[in-house]
Amino acid sequence: QSSIELLQHFHLAGHVHVWLANQKIPQALSAIGRLSESFMRNEDVDNFELARITNLIRSNPQEYTSEEKRAIQEGRETHIKCKTSTHFSIPKNPDDHVKLKGVHLDGTSIASCFGTTVVDASVEECVASEVISCSSRESEKNLQKRGITDRKVKQINPHSLYYFTTRDFGLHILSNREIRTKLIWFKEGGTIVMRVTSTEDLKDEYPVSSKNVVCSVETFWEFRPLEKNCGVPQTCVELTTKVDFGGQIQGFIPSSFMTNSLGPTFLSTLSKMRIFFDKSKEIDAVKRLEIVEKMKKIKYSSTKTYAEDLKDVMEKEKVEGAFPLADTWLKVFGKGKGWGKTTVKVKAGLLEVAAFFWNFNSRAHQITTGDIERVIVEQKEEWEKIVRRKQKFGKNVRVLNISMKLQKLGDGAIVIKMESKKESNHDLEATEDVTIRFIKREEKETKAEFVTRVNLGSTLSKEATRMNLERDLDEAAEAERYFNNLIELENMTKNIGEALGADMVWDGG
């Protein structure tokens, strides 16, 4: 780290207006800012600090005072009470991988929220990431977005610190809120808990502004280790937050604002932690490799061609706006009934592409389809299983129980057949039959034909049927997109690069 000071003296001669000098002098001094930006290593600094604190938590035993132990126990009691309460509403949640619930009584200033998720990291890494978020360079860049107008951090000892912030919640009826907290983490066996609670400490060193209202905050974290997923550490993270925003008339906060804005905002840290440590590609890659090794041992080859299942229909319609390298067609026969086909050329080997689709509950499929649930219900034989997918259509839910089979057609082709049975115990009665044929073109190129036939019930409009078909057909395009994203930059062709760029623009990227 280097500290640089620049002093410049200007003699502009003649009569120069003050406003002109005030405008030009900062420009002359901007070299300092450009110099700082050119050597900026925020990510490196934050990663080093993350590794340092992770190692400290993992390797350095801590000694706690009776007061600290009592604080942890009090926080745990509040956490359990909030976690087990049945009087909760479900706030708006932009992340399906994080479960949220919250409660707030209209006309009061107290809000309670509970959230949980699973993170692809060790317990120690999760705790360290939350500790450094109080002072990291990355969090400093986003203070304004989070409504934080002032922040102060002071270390007490290796397992505790003070964290003071002033927040503007963006409502003119609310004064700025000061949140003055003390953080303590405590390791017990493989689990680590952490309490962040309001404190009266340091009021002389950091006095409270007369214009602000002091909030009362009670936050408790629990980090529990889970079984590794394909060698990747897994941690169940639970977070309980209880906030009293204080004040008199200005403390009365609308319930809708509490439930749909403040609740998700306070708990968004769970989503950020999950995304920061996300190792979906690594986990899917390991599972895919395991499937490929098993496929190499398949000896039996089916003589069935599946030509009838893959046959086109008359008067089909070209789908515009799909992934540029995918050839996508569909036809809506009527309400709830339709057919669709996508053909793609995937830059990967035959077995690897087939394994991508056979890994039904992979995270890539979960993201692409938007399914609420994708699970393997029963493994009947090595290449036959019963799977279930659950989808939401507005206020309705569609559940499909599907028989999924894989067959080898000689050395150069593989077929996956998916057949569903009509379900009558859910909101939408539906069936969906899918045939996917993979044909080897080159060592690292595979042609995939994805054909789907749906019967979603007559209650579904033609437009909704079309949207469902497009979403299902995007599974094939996703395979091409997924493997193209794995191509190293030096091996990227012009067509693939242009397709990926167009796809980013289409998705709003």
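A salt bridge is counted here where a side-chain nitrogen of Lys or Arg lies within 4 Å of a carboxyl oxygen of Asp or Glu. By this rule, the count for the structure comes to 40 salt bridges. The structure is a predicted model, and the report below describes its overall make-up, its salt bridges, two buried positions and two surface patches.

## Overall make-up

The chain has 509 residues, of which 47% count as buried. Its secondary structure comprises 13 helices and 18 strands. Among contacts between residues at least 6 apart in sequence, 61% join residues that are at least 24 apart. The chain exposes about 28200 Å², and carbon and sulfur atoms supply 52% of that area.

## Salt bridges

Side chains of opposite charge can pair when their charged atoms come close. Three such pairs are set out in the table, with the separation of nitrogen and oxygen and the relative accessibility of each partner.

| Pair | N to O distance | Relative accessibility, basic residue | Relative accessibility, acidic residue |
|---|---|---|---|
| Arg-52 and Glu-49 | 2.6 Å | Arg-52, 40% | Glu-49, 26% |
| Lys-83 and Glu-238 | 3.0 Å | Lys-83, 30% | Glu-238, 5% |
| Lys-152 and Asp-150 | 2.5 Å | Lys-152, 31% | Asp-150, 33% |

The pair formed by Arg-52 and Glu-49 belongs to one helix: the two residues are 3 apart in helix α3, which means that about one helical turn separates them. An α-helix has 3.6 residues a turn, so residues three or four places apart point the same way. Arg-52 counts as partly exposed, and Glu-49 also counts as partly exposed.

Lys-83 and Glu-238 form a salt bridge in which the closest N and O atoms are 3.0 Å apart. This pair links distant parts of the chain, with Lys-83 in helix α4 (residues 66-84), Glu-238 in strand β9 (residues 232-244) and the two positions 155 residues apart in sequence. The accessibility of the partners falls into two classes. Lys-83 counts as partly exposed at 30%, whereas Glu-238 counts as buried at 5%.

In the salt bridge of Asp-150 with Lys-152, Asp-150 is partly exposed, and Lys-152 is partly exposed as well.

Salt bridges also join into a network, which links Asp-371, Arg-374, Arg-389, Glu-432, Asp-472 and Glu-475.

## Two buried positions

Ile-192 is found in strand β6 (residues 191-198). Its relative accessible area is 0%, and Ile-192 is therefore buried, since the class covers values under 20%. Leaving aside neighbours within four places in sequence, Ile-192 is in contact with residues including Ile-57, Val-123, Val-127, Trp-185, Phe-186, Trp-221 and Phe-223. The charged residues Glu-124, Lys-187 and Glu-222 are also in contact with Ile-192. Trp-221 stands 29 residues from Ile-192 in sequence, and their C-alpha atoms are 8.2 Å apart in space.

The second position lies in helix α10 (residues 350-358), a helix that is mostly covered, with 7 of its 9 residues buried. The buried residues of α10 are Leu-350, Val-353, Ala-354, Ala-355, Phe-356, Phe-357 and Trp-358. Val-353 has a relative accessible area of 0%. Beyond neighbours within four places in sequence, Val-353 is in contact with Val-346, Ala-348, Phe-438, Thr-446 and Phe-483. Val-353 and Glu-445 are 92 residues apart in sequence, with a C-alpha to C-alpha distance of 9.2 Å.

## Surface patches

A nonpolar patch of about 680 Å² on the surface is made by Ile-4, Leu-6, Phe-10, Ile-25, Leu-29, Ile-32, Leu-35 and Phe-39. Helices α1 (18-29) and α2 (31-38) are the elements that give two or more residues to this patch. Phe-39 lies in the loop between α2 and α3 (42-59). With a relative accessibility of 63%, Phe-39 counts as exposed, because that class begins over 50%.

A patch of positive charge is also found on the surface, where Lys-304, Lys-380, Lys-405 and Lys-421 gather. Lys-304 is located in the loop between α8 (280-295) and α9 (307-310). Lys-304 is partly exposed, at a relative accessible area of 46%.

Notes: Residues numbered from 1 in each chain as written. Predicted model: local features only at pLDDT ≥ 70, side-chain atom pairs only at ≥ 80, totals over all residues. Heavy atoms only, no water. Patch = residues over 30% accessible without salt bridge, like charges linked within 9 Å, V, L, I, M, F, W, Y side chains within 5 Å. Areas by Shrake-Rupley, 256 points an atom, 1.4 Å probe, with all protein chains shown as cover. Charge placed at Lys NZ, Arg CZ, Asp CG, Glu CD. Helix = DSSP H or I, 4+ residues; strand = E, 2+ residues; numbered from the N terminus. Buried < 20%, exposed > 50% of the residue type's maximum accessible area, 1.4 Å probe, protein only. Contact = heavy atoms within 4.5 Å.
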